[in-house]
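Please open the structure in your viewer and keep the selection panel at hand. The stops below are to be visited in order.

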Amino acid sequence: MDKLNNEILFSRLKDRFPDTILNTDEPYGLFTIEVDKSHIIEVLEFLKKDEELQFIYLTDITAVHYPERDLSIGVVYHLHSFVNKLRIRLKVFINGGNPEIPSATVLWKGANWMERETYDFFGVRFLDHPDLNRILNMDDMEVFPMRKEYPLEDPNRVDKKDYFFGR
Amino acid sequence: MTNIKLGAAPPGVEGAGFFATSLDKVIGLARANSLWPLPFATSCCGIEFMATMGADYDLARFGAERPSFSPRQSDMLLVMGTIAKKMAPVLKQVYTQMAEPRWVIAVGACASSGGIFDTYSVLQGIDEIIPVDVYVPGCPPRPEAILDGVMRLQEIVKNESLNRRNTPEYKALLEKYGIQTNNG
């Protein structure tokens with residue numbers, strides 16, 4: 001068997017999921033695929049449990065907000081196959097008004113806190129997550145601060161008002 | 001011969017074998033020279049405070065020999081470092097657990113105004129949640145600056161009313177912060 005690389009990985013995925021993979025890219029050598037949210041758990045499960053691929057390590061789950069797009073929230077998964085020394089990135093774009101996606105806690109227990117963090121900062125609701133609440137910000141915060149419609153700065157700041165700088 | 005300089009006595013009436021002054025002044029002098037600090041250190045200003053407590057700068061010279069680490073037995077709360085909003089209720093609880101009379105020094109830019117952390121997760125100065133007596137500027141301030149802040153607080157303590165806790169201004173101030181004041 002050849003050493004697993006991005007091309008072999010892509011053909012394996014293409015064989016197994018002929019219609020599911022929407023887009024592929026390889027920025028800086030990191031193989032990246034885009035998947036629909038209804039198939040993300042299937043694809044993750046295949047990558048994790050396939051005897052050859054063995055992407056057993058979930059490096060991170062996070063999100064990106066693109067306010068100008070129709071599907072404005074991109075949920076990003078990073079997986080690592082230790083035995084093959086290979087990484088893969090999966091992106092799922094979902095509706096920003098009602099961001100819901102199945103939870104990956106069915107595959108990795110460690111997804112629990114990553115999904116809580118993503119919920120905390122972007123408001124993405126992971127369905128069937130065992131305990132989806134804020135993890136880093138204070139509990140009574142009312143916004144999801146990494147979404148672009150909310151200001152980064154604190155409104156109570158007094159010494160950065162424009163008139164102090166002649167603006 | 002010793003080169004230790006004694007503090008000046010408060011103004012009063014002196015005669016053979018007696019010295020009379022007002023109780024306010026004596027108590028103020030006693031309080032000012034035994035301020036027990038409660039260090040609430042969350043970041044680099046706390047490191048400067050460690051130098052301040054160390055032998056070179058020696059905060060103990062000013063009667064602050066015993067860092068308390070318990071709010072119940074301390075007079076001077078030193079808040080040193082960035083206070084995240086999630087930490088704010090903890091800081092407020094520490095302050096309310098301190099017995100009167102109590103004073104607060106905000107050490108460094110973060111505790112005074114949020115500093116460089118103008119962001120959604122950081123408290124923009126601890127005076128949003130508790131009253132502050134002295135602000136020490138610097139990022140972080142040198143130990144000399146912290147000592148200067150403590151000496152300024154000593155001046156406040158010497159000159160303020162013995163019963164500050166019962167003055168209507170003080171009660172109004174605490175009520176503005178939502179802190180209970182029914183302490184007799």
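The tour goes from the sheet to its helices, then to one strand and its partners.

This is a predicted model, in which local features need pLDDT of at least 70 and side-chain atom pairs count only at pLDDT 80 or more, while totals for chains, interfaces and linings use all residues. Residues are numbered from 1 along each chain as its sequence is written, and chains are lettered from A and ligands numbered from 1 in the order in which they are written.

**The sheet.** Select the five strands of chain A (strands are DSSP runs of E, at least two residues; helices are runs of H or I, at least four). They form an open, mixed sheet in the order β1-β2-β5-β4-β3; strands pair if DSSP finds at least two bridges between them. β1 (21–25) and β3 of chain A stand at the edges with a single partner strand each, so one side of each lacks a neighbour in the sheet.

**The helices.** Now select helix α1 (residues 6–16) of chain A, which packs on the sheet and touches β1, β2 (31–35) and β5 of chain A. Helix α2 (residues 40–49) of chain A also packs on the sheet, touching β2, β4 and β5 of chain A. Contact requires C-beta atoms, placed from the backbone, within 7 Å.

**Strand β4.** Next, select residues 73–81 of chain A, strand β4. Which strand pairs with β4(A) over nine bridges? It is β5 (residues 86–94) of chain A, in the antiparallel sense. Within β5(A), K91(A) is the bridge partner of V76(A), and I88(A) that of L79(A). Strand β3 (residues 57–65) of chain A is joined to β4(A) by eight bridges, also antiparallel, with H65(A) opposite I73(A).

**The turn.** Finally, select K85(A), which lies in the four-residue turn of the β4(A)–β5(A) hairpin and has a positive phi of about 50 degrees.

Notes. A residue is buried if 20 or more other C-beta atoms lie within 10 Å of its own, exposed if 12 or fewer, and partly exposed in between; C-beta atoms are placed from the backbone. Two residues are in contact if their C-beta atoms, placed from the backbone, lie within 7 Å. Axes are lines fitted to C-alpha atoms, for helices over the stretch in contact, and angles run from 0 to 180 degrees between N-to-C directions.
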